[in-house]
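Please look through the sequence and the model shown below before reading on. The report that follows moves from single residues to sheets and a helix.

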Amino acid sequence: MAKADYYELLGVSRTATEAEMKSAFRKLAMKHHPDKNPGDKAAEAKFKELNEAYQTLSDPQKRAAYDRFGHAAFENGGMGGGPGFGNDFASSMADIFEDLFGEMSGRRGGGRGTNGRERGSDLRYNLEITLEEAYAGKTATLKVPTSIACEACSGSGAKPGSKPKTCATCAGHGRVRASQGFFSIERTCPTCHGRGETIDDPCRNCGGAGRVTRERTLSVNIPAGVEDGTRIRLAGEGEAGLRGGPSGDLYIFLSIKPHPFLQRDGADLFCRVPVSMVTAALGGDLTVPVLDGQECAVKVPEGTQTGKQIRIRGRGMPVLRAREHGDLYIQIVVETPQQLSTRQRELLREFERESSKDTQPESAGFFTKVRDFFAGGNE
């Protein structure tokens, strides 16, 4: 049985943000959680499907692979064997139980993280390059608007000269316990919102967040042979974390501009070259420019027909992380003359009168087959 689409399972669009997916997952997971549907096998199966979908789409690397290859990205051990029930599952369940019991007590939990140091968000940057740049590789300079650690407070969020204080309510744990009947419920500390620290005198430069928005200039190496849709990850170059937390990652998605006369298929290049009727009939030489900046001599055989491909080995795109190149294919298109002079028309008619089956075997053979077919059908 084919697996359901992960986006449809969560009820979100393919462009949904991380926050939108998380919100949709929480609502559905609470609805189908086994504890709320005891003995309901359908609800249990649905809950497992929802968790699998969320664990895939909440991970930037797995989501990119799923967007490109679908469920096939995780078959046969791909991407580490696909989504499972590891630490991310426990974290997701903690969020759900917090929502459940938070609603019962009339409060909702805030941000979480060890001592309030939350990891920054991952960022995406779309970069368009030419086919020539994909052939040779390049070092691209990017200007990325993002959040960086506040220099005034060194990312702590407290006014220079002061420090955050341990939260008196939770003693720095970020969570507090409360008894409700027979249950002992742990939830996010309402005073520090899970940070474990409080700031009495926040930094004026960042307002206590520990980070500010700036435009950064980054250099990224684009290797020779990259394909359209290639993703490059710059670890730690994403959004700065809150209050000194680790930074997220920057993901660069490459797209390649269409070339005016070259088409790419993997490592091979294809070039459509029109030639005159005379050159096709008598043969000749062509000079075709290629991406390495040099010119390539191509010999057109006598009697070349439209659609013939001439293969030139090793003049295609470089293969990524390999010391080899694809091939260049010249696709011949015979151009029919237009706007002929009187003398040219006379010469062509004279040529046609003197032509035989040997000079134009394909057309002669075709019409012979047509006559034979209809002659046989009327008998």
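Is Ala171 exposed or buried? Ala171 is exposed, because its relative accessible area is 53%, where exposed means over 50% relative accessible area, buried under 20%, and partly exposed in between, for a 1.4 Å probe and protein chains only. The residue is found in the loop between β3 and β4 (175-180), and its phi is near 60°, a positive value in a residue other than glycine.

Residues are numbered from 1 along each chain as its sequence is written. The model is a predicted one, in which local features need pLDDT of at least 70, side-chain atom pairs count only at pLDDT 80 or more, and totals for chains, interfaces and linings use all residues, while side-chain values use heavy atoms and leave out hydrogens and water.

**The protein as a whole**

The protein has 10 helices and 15 strands, which are DSSP runs numbered from the N terminus (helices H or I, at least four residues; strands E, at least two). Of its 379 residues, 35% are buried. Among contacts with a separation of 6 or more, 63% are between residues 24 or more positions apart, a contact being heavy atoms within 4.5 Å. The mean pLDDT, the predictor's confidence in each residue from 0 to 100, is 81, and 85% of the residues reach 70 or more. Over residues 79-114, however, the pLDDT is below 50, although this stretch has 75 contacts in the model beyond near neighbours in sequence.

**Exposed loop residues**

Two further loop residues can be set beside Ala171. Gln339, in the loop between β15 and α9 (342-354), also has a positive phi in a residue other than glycine, near 50°, and it is exposed, with a relative accessible area of 82%. Lys163 lies in the loop between β2 (138-149) and β3 (165-166) and counts as exposed at 71% relative accessibility. Lys163 and Glu197, which are 34 residues apart in sequence, are 9.6 Å apart in space, C-alpha to C-alpha.

**The three-stranded sheet and helix α4**

One open sheet has three strands in the order β1-β9-β8, with mixed pairing; two strands pair if DSSP finds at least two bridges between them. The strands β1 (123-129) and β8 (231-234) stand at the edges, and each has a single partner strand, so one side of each is left without a neighbour in the sheet. From one strand to the next, the twist averages 25°, with axes fitted to C-alpha atoms (for helices over the stretch in contact) and angles running from 0 to 180 degrees between N-to-C directions. β1 pairs with β9 (residues 250-256) in the parallel sense over seven bridges, and Tyr125 stands opposite Ile252 in β9. Helix α4 packs on this sheet, where it touches β8 and β9, and its direction makes about 175° with that of β8.

Which residues of α4 (residues 60-69) are buried? They are Lys62, Arg63, Ala65 and Tyr66. Seen down the axis of α4, the buried residues fall within an arc of 165°, so they line one face of the helix; the arc is that of the directions from the helix axis to the C-beta atoms. An α-helix has 3.6 residues a turn, so residues three or four places apart point the same way. Asp59 caps the N-terminal end of α4, with a side-chain oxygen 2.9 Å from the backbone nitrogen of Gln61. After α4 comes Gly70, whose phi is positive, near 70°.

**The four-stranded sheet**

Another open sheet has four strands in the order β10-β11-β15-β14, again with mixed pairing. Its edges are β10 (262-265) and β14, each with a single partner strand, so one side of each is left without a neighbour in the sheet. The twist here averages 30° from one strand to the next. The table gives each pairing with its sense, its bridges and one pair of bridge partners.

| Strands | Sense | Bridges | Bridge partners |
|---|---|---|---|
| β10 and β11 | antiparallel | four bridges | Gln263 and Phe270 |
| β11 and β15 | parallel | eight bridges | Arg272 and Gln331 |
| β14 and β15 | antiparallel | four bridges | Ile312 and Leu328 |

In residue numbers, β11 covers 268-276 and β15 covers 328-335, while β14 covers 309-312.

Technical notes:
A polar contact is a pair of N or O atoms within 3.5 Å; within protein, one must be able to donate a hydrogen and the other to accept it, and residues adjacent in sequence count only if both atoms are side-chain atoms.
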